[in-house]
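Q: I have a protein model open and would like to learn how to read its core and its pockets. Could we go through it together?

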Amino acid sequence: MKARANIFEMTQEAEEAVLRPKDAGPWSHALRAALAARIAVLNGEADLATRYAEGAEEFAPLADPDTDGTGQGLAEVVAFMDKVAADTRNIAAEDISGLRAGGVADADIVRLCELNAFLAYQIRVIAGLRLMKGAFA
């Protein structure tokens, strides 16, 4: 554990990099926060979802998986993010093609994937910490 003492610091740095990157492309912090909250909800992490939803501002409705993104003009993006978050093994080339057809540039697709990948990591760390807490309780 001592060798991994900086995991929280590095995780915070990674979170900042995906939620507030220097080059955000078309994905504002508020939108990223809403998508992060949504991913957390889809993975059963209500507390994490609440934390991210606080920064979602005008995109707050997207934190709810029952909202499909149509109202924000983001239906394709939301569907892709949901699939990556909840059905990763079935992502196919057509999913990327669909985003491209909707006008999403390759660099922006990468940005979306980075956000989803970070959340997958963070959710797994949280689950691991819960297990460790239970083992030592």
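A: Gladly! Keep in mind that this is a predicted model. Let's begin with a single residue: leaving aside neighbours within four places in sequence, Leu119 is in contact with Ala36, Ile39, Leu48 and Tyr52.

Q: Which residues have the most contacts inside the largest nonpolar core?

A: Here is the general idea: in soluble globular proteins, nonpolar side chains tend to be buried together. In this model, the largest nonpolar core has 33 residues, and those with the most contacts inside it are Tyr52, Leu74, Val77, Met81, Leu112, Leu115 and Leu119. The elements giving two or more residues to this core are α1 (7–19), α2 (29–42), α3 (46–53), α4 and α6. Its largest share, 8 residues, comes from α2.

Q: How do I read one helix, say α4: what is its reach, and which residues are buried?

A: Compare the reach of a helix with the span expected from its residues. With 12 residues, α4 reaches 16 Å from its first C-alpha to its last, close to the 16 Å expected at 1.5 Å a residue. Its buried residues are Val77, Val78, Phe80, Met81, Asp82, Val84 and Ala85.

Q: What lines the largest pocket?

A: For a pocket, look at volume, then lining. The largest pocket has a volume of about 150 Å³. Its lining consists of Ile39, Asn43, Val84, Ala85, Thr88, Asn116, Ala117, Ala120, Ile123 and Arg124. By type, that lining divides into 6 nonpolar, 3 polar and 1 charged.

Q: Which helix supplies the largest share of that lining?

A: That is α6, with 5 residues. Both α4 (75–86) and α6 (106–136) supply at least two residues each.

Note on methods
Residues are numbered from 1 along each chain as its sequence is written. This is a predicted model: local features need pLDDT of at least 70, side-chain atom pairs count only at pLDDT 80 or more; totals for chains, interfaces and linings use all residues. Side-chain values use heavy atoms; hydrogens and water are left out. On a 1 Å grid over the protein atoms alone, a cavity is a set of points where a 1.4 Å probe fits but cannot get out, and a pocket is an open set with protein on both sides within 12 Å along at least five of seven lines; lining residues have an atom within 4 Å of a point. Grid points are joined across faces, edges and corners, and a volume is the space filled by probe spheres set on the points. Helices (H or I, at least four residues) and strands (E, at least two) are DSSP runs, numbered from the N terminus. Ala, Val, Leu, Ile, Met, Phe, Trp, Tyr, Cys and Pro count as nonpolar, Asp, Glu, Lys and Arg as charged, and the others, Gly among them, as polar. The expected span of a helix is 1.5 Å times one less than its number of residues. Buried means under 20% relative accessible area, exposed over 50%, partly exposed in between (1.4 Å probe, protein chains only). A nonpolar core is a set of buried Ala, Val, Leu, Ile, Met, Phe, Trp, Tyr and Cys residues joined through side-chain atoms within 4.5 Å. Contact means heavy atoms within 4.5 Å.
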